[in-house]
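Student: Please show me the model, so that we may discuss one residue and its surroundings.

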Amino acid sequence: MTLTRRSFLASVSLLTLAPRAFAATPAEPFDHTLVKSMARDLASRPYQMRADVPDAWKALTYEEYRSIRFRIDHGLWAGTETPFSVDFFAPGLYFPRAVQIHLVEKGMARLVGFDLSMFDKGPEVPALPADENLGFSGLRLRTEMHRPGETDEFCVFQGASYFRAIGLNENYGLSARGLALKTGDPDGEEFPEFIRFWLERPVPGQRNMIVHALMDSPSVAGAYRFDITPGEDCVMEVEATLFPREDLTHAGLGALTSMFLFDASNHIRFDDFRPAVHDSNGLLIRNGAGEVIWRPLANPRALQVSSFVDENPRGFGLMQRAREFSDFADLEANYHRRPGLWVKPMGDWGKGAVTLVEIPADQEIYDNIVAYWRPAEPYAAGSEVTLEYRLTWGEEPHRTALPRVIRTAMGEKTFGEGRLVVVDFEASPLFDDLEALEPVVQSPHAEIAAPILQRNPDTGGARLAFSFVPGETELVELRAQLRRDSEPASEVWLYRWTA
């Protein structure tokens, strides 16, 4: 099971749309209650898939589609006092069903009409049928960030319910989703789609932008409101109201999707000049009890699902802690500049589990990591569920007072049996006296040799090393933490080793 990455979008030039293109439909009153009413109405009726765009659009090759580029001078609100502008993406190829996009001004909404003259296209692109009602495949938000007088992109909504954002001076990496359904299930995953968007026009001087979205899927309809503030970190306040058509027995809230191919823990499987390849390298959890957990990601040989049972989690996210160019040595992908993403529930989310799905992958073009909150109780058909949460995209979108794990590596022991594990913790005043620290290493599946704790002169932090003998065991769960006077002196490090 693999999820195709849409990373090619990051290579498309920065492009835009003029405020002159509107479909010949009257403006209508709008507020978010209208989106909820639409979602409620959709859920009351059997699901009906939207029609595809004309065949000529779907038949475009990858190179042809890439050459259809939005024109900067056609950006919505470009060249006005509005502090944001919006680009639009053409439909076709991987995006066979278009979305409708509306502009909201002074409480009135108007449909943005499609116009092929909004785009430049290469000479190889064939003639394409288009009218103002064709629609788009998605949108991109831009604003002035660090270049006075010029705009930079910071957020994209495109494909199913996927969206992604970046903080200052970062490159796109992992994505979020409005909702994940049945991820990793034997019968296959369901991908809800955002089918309509409404963009509220910001006033001069406004630093945030409001985006509304209507979602539909065979199992559920939904209404979403995103309050998006770009900056050093990009922060989104999300309100989601779900209307299940049927019982949602496997729903993923605050769903994140990323890529992990290899690092020092499994490099032997990949003949590659780079020391690591990944958009994210760990799952960070702050559970309801306040415990801070770091779970390094893995690229397993078979699908594996890990559940971290909890009640009212304080937050979770996928992080990219490798931040130096030398961690990847990749001049093109710039993996060291990919953002982490932290999900902070607002209010109580009840009982459930932070769920991590790791999917085997042999190339970096595949998103093979999914993380989300799975409620313990299904959402019943016919119910209405409203959730609020904050998404923070940035270099280190969540920090705690505890020293972080900054590297995990393992391999066969040079002398003797078993596997050697090395865990590096960042420098901290808690490590001034290593003899005062107690390394606690545990496993229910294998015997652990006495751990060794040393100073790492390169990082100034502490290095924990230990070994275990898996024998014939196919799976070994490992847990380690440094403690001082019986109190936590580091994050909890968790790992699942598989044969």
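Student: Is S258 buried or exposed?

Tutor: The model is predicted, so local features need pLDDT of at least 70, side-chain atom pairs count only at pLDDT 80 or more, and totals for chains, interfaces and linings use all residues. Residues are numbered from 1 along each chain as its sequence is written, and side-chain values use heavy atoms, without hydrogens and water. Buried means under 20% relative accessible area, exposed over 50% and partly exposed in between (1.4 Å probe, protein chains only). Because the relative accessible area of S258 is 0%, this residue is buried.

Student: With which side chain does the side chain of S258 make a polar contact?

Tutor: A polar contact is a pair of N or O atoms within 3.5 Å; within protein, one must be able to donate a hydrogen and the other to accept it, and residues adjacent in sequence count only if both atoms are side-chain atoms. At 2.7 Å, the partner of the S258 side chain is the side chain of S280.

Student: Which residues does L391 contact, leaving aside its neighbours within four places in sequence?

Tutor: Contact means heavy atoms within 4.5 Å. With those neighbours set aside, L391 is in contact with F163, A176, C234, V235, M236, V238, L341, W342 and V343.

Student: How do the residues of the lining of the second largest pocket divide?

Tutor: Ala, Val, Leu, Ile, Met, Phe, Trp, Tyr, Cys and Pro count as nonpolar, Asp, Glu, Lys and Arg as charged, and the others, Gly among them, as polar. A pocket is an open set of points on a 1 Å grid over the protein atoms alone, where a 1.4 Å probe fits, with protein on both sides within 12 Å along at least five of seven lines; lining residues have an atom within 4 Å of a point. For the second largest pocket, the lining comprises nine nonpolar, six polar and 12 charged residues.Student: Which strand holds S258, and which residues does S258 touch?

Tutor: Strands are DSSP runs (E, at least two residues), numbered from the N terminus. S258 lies in β17 (residues 251-258). Not counting residues up to four places away in sequence, S258 touches L174, D279, S280, L318, D367, N368 and I369.

Notes
Helix = DSSP H or I, 4+ residues; strand = E, 2+ residues; numbered from the N terminus.
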